[in-house]
Amino acid sequence: MRILLMGNPNVGKSVVFNRLTGVDVICSNYPGTTVEFTKGSMRIKGKHTEVIDVPGTYTLEPTSKAEEVATKMIREGDIVINVVDATNLERSLNLTLQLLKRKVPMLVALNLWDETKHTGISIDVEKLEEILGVPCVPTCAITGEGIKQLVEEISEAKVSTYEYEESERWQEIGNIIAKVEKITYRHHTFLERLGDASVAPATGIPIALIILYATFKIIRFIGEGLVGYVFEPLFEKLWAPLMLKLSGLMGSQGWLHNILIGKLVDGEIDFVESLGLLTTGLFVPIAMVLPYVFAFYLVLSFLEDSGYLPRLAVLVDTLMHRVGLHGLAIIPMMLGLGCNVPAALSTRIMETRRERFISATLMAIAVPCMAQIAMIVGLVGKYGARGLATIFGTLFIVWVVLGVLFNRFLKGESPEIFVEIPPYRIPYLKGLLKKVWIRVKWFIKEAVPWVLVGVFIINVLYTFHIIEFIGKFTAPVITKVLGLPLEAVGALIIGFLRKDVAVGMLAPLGLTLKQLIIASVVLTMYFPCVATFTTMAKELGFVDMLKSAGIMVISAIIAGGLLNLIL
Amino acid sequence: MTKIISLVEMRVGETGKIVEIQGGHGMVRRLETLGVRTEKEVKKLSGQLMRGPILIQAGNTQVGIGFGMARRVLVEVDKNA
C-alpha cells in the first residue's frame, strides 16, 4: 500500500512525514521547501506501508515544476492524506475539493491546530467530516499531537461522495467555511507587528541589513571559535604526534608515506600543506570546513524556520527583476552559500525554464559554497579584509553583470513574484537542531569521502607528473591571461571534484595576494564541482547544462583576466 | 460613495473588495490559489519602492504580489475613507 501526503506548500507535510516514518527530511517555514518527493515507510496493523512526502501544491492545475511533480504523483497513491493548514481553511479547501474529485480514498489532517487557538479560529471538525465525507483529524505535527489518531484513522480513509460544479468551487468553499468556521476578533501579536515591519520598505531594509550583519558575525564567531578552540588544538595536540609516530614507523618517506602522511615540512606535519590522506585529507573537511558549515546551517535553519525568507524575497524583488528573476530566487542563492547541490534543486520553485536556467547558472558561477568560503577565508584572510572584499565583491559584480546580460539576451518570460508570506514562527528548537544535524551529517557523508578522493588524486597527479604535463597545454591561459604559476592547474583539476580541497592546494604554491585573489575567483566561477554538475544537468537538461558550463568557463577567464590587468 | 482603483493605488492600511482581475485565465487561476479573487475583501499591508511587490492580506493569508500583476487587480474602496 502507498500513502501520499499532499497539501498546500508550507502546511507541515514534511513534519507529518517525519512523524509517521521517522525518516529525516528538511522542514522549514517557507513555501517550497520540499521540491522533490521523499519516500519512507511505516507499519499499519503490521503491514508494510510506503509513505510519500509530495511537494506542496495549491492546485492540481500546476503552475511550477514542483507542483507538476505533485500532480503527477497522485495517480500512484492508494490513499491520500490531505494535510491542510487549519488557520487557512478556505485556501486549503480549494485543493481538498479538487482531490475529492479524483476519487482516491482520502483523509484530512487539520495541521497547525495549535495555532488556530491563538489566532481566534474555531473549526467544527465533526461538521467538516460530515460535509466532506472523509475522516478529519486535528494535528500539531511539530509536537506530535494528533498523529496517533491520524494513524488510526488511515484505515478509515474513504472515497468521498461529495459533488460540486467545477465553476462553483469557490462558492462551495465559501458555504463550507460559513458552516464550520468561526473567527473571533483578537489583538495583533508582537510577531505579527514584526512581520509588518520587516516588509515595509522604511523598516524592512534596515532590518534586512541588521540580519545580514548579524548572520556574518554569528557565523564567524561560531566558526572561528570551533576552529581555534576545539578542532585545531585537537589536531595539533593529539593527532599530530600520532601521525609523526606513524611517519617515523614508515621511515618518513616512500609512496605509502606520501599518500597517507604526505610531505613533511621542516620535519613536521603541516596539516594544510602536507597533502596526505590522514593529515590534510582529514584536517581540511573536519577542522577547517565543518565548523563553518555547522555555523552557517545553524543560522540558515533559524532564518528558514522563522519565516523570514519569503519576506526577504519581497524586499529584494526589484533587484532580482534586473537579472531576469523575481524575489523568490533569493532562496537558491542563500542555499547556495551552504552547498550548491540543494541550491540547484531549489531552483524548481521558479516558474519558467528561463528563470531556472538563470538562477541555477548565476548561483553556480557566483555563489561559493561554505566549504569553499571557509578555505578562502583561511587562506586569504590572513592578508586582511581587503583581499576577501575583492574576491566577494568581484563575485557579486559578476553575478549582477551576467544576470543583466541574461535578462537582455535570453528569450522567454520571467513571471512576477506571487508568494504566500507565512506568519513568523518561533523556531521549534528540537526541530531546528535536527535539521542542522541532517545537513551536517549529509556534509560528513557526502563531502568527506570526496575530499579524501581529491587528496588521493592529487598524489597520483604529482607522482606521475601529470600536473606538469597538463600545465604545459594550459600555460597560455593560466600564466598569460590569469597570471598564475603553472602548478595552479592542479587546483583547477581538483576543483572539478571538491572546491575546498582545490583552494587548499593553493597554499603550498607561495602565491602573492593578487594571485590568491585571482585563483579564488576563478576556482569559484570556472565550473561547478561534480556533485553540483550532476544535479544541474538533471535539473536543466544536458543541452542547457552545456550552455551553462560554456558561460562559466568563458566568464571565469574574462573575470580572472580583468583582475590580472587591474590589480 | 465608492471608487474603483488597483492594488497599486490603494493606500497602505486601506481595505477594499476585489471587483475585477484584468488578466488571462492563467493569471486569474494563479491568483485565486492564494485566495486573491473577485468578491474577496483584502487589506493592503505594504508596497515597495521602485515598483516592488505589493503585500496584501486576503482572509488569513498574507500574499506578496508583483507590481505588474497588482496593477491589474481592481478593488472597490470607500471614497471618503
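Which strand of chain A pairs with E5(B), and in what sense? Strand E9 (residues 418-421) of chain A does so, in the antiparallel sense, over four bridges. Strands here are DSSP runs (E, at least two residues), helices are DSSP runs as well (H or I, at least four residues), and both are numbered from the N terminus. Two strands pair if DSSP finds at least two bridges between them.

A few ground rules will help. This is a predicted model, in which local features need pLDDT of at least 70 and side-chain atom pairs count only at pLDDT 80 or more, while totals for chains, interfaces and linings use all residues. Residues are numbered from 1 along each chain as its sequence is written, chains are lettered from A and ligands numbered from 1 in the order in which they are written, and side-chain values use heavy atoms, with hydrogens and water left out.

**The shared sheet**

Within the pairing of E9(A) and E5(B), Ile421(A) stands opposite Gln62(B). The two strands belong to an open sheet of seven strands, ordered E9(A)-E5(B)-E4(B)-E3(B)-E2(B)-E6(B)-E1(B), with antiparallel pairing. E9 of chain A and strand E1 (2-6) of chain B stand at the edges with a single partner strand each, so one side of each has no neighbour in the sheet. On average, neighbouring strands are turned by 40° against each other, direction ignored; the axes are lines fitted to C-alpha atoms. Further along, strand E2 (residues 15-21) of chain B and E3(B) are joined by three bridges, again antiparallel, and Gly16(B) has Val42(B) as its bridge partner in E3(B).

**The interface**

Contact (heavy atoms within 4.5 Å) involves 29 residues from chain B and 30 residues from chain A. The chains bury about 2600 Å² between them, 54% of it on carbon and sulfur atoms; this is the accessible area (1.4 Å probe) lost on being put together, summed over both parts.

The interface of chain B and chain A has four salt bridges, each a side-chain nitrogen of Lys or Arg within 4 Å of a carboxyl oxygen of Asp or Glu. Over all chains, the structure holds 20 salt bridges. Two that join chain B to chain A are listed here.

| Chain B residue | Chain A residue | N to O distance |
|---|---|---|
| Lys40(B) | Glu90(A) | 2.3 Å |
| Arg29(B) | Glu61(A) | 3.5 Å |

The Arg29(B) and Glu61(A) pair runs from helix H1 of chain B to the loop between strand E3 (47-53) and helix H2 (65-73) of chain A.

Methods
Buried area = accessible area lost by both parts, 1.4 Å probe. Axes fitted to C-alpha atoms, helices over the stretch in contact; angles between N-to-C directions.
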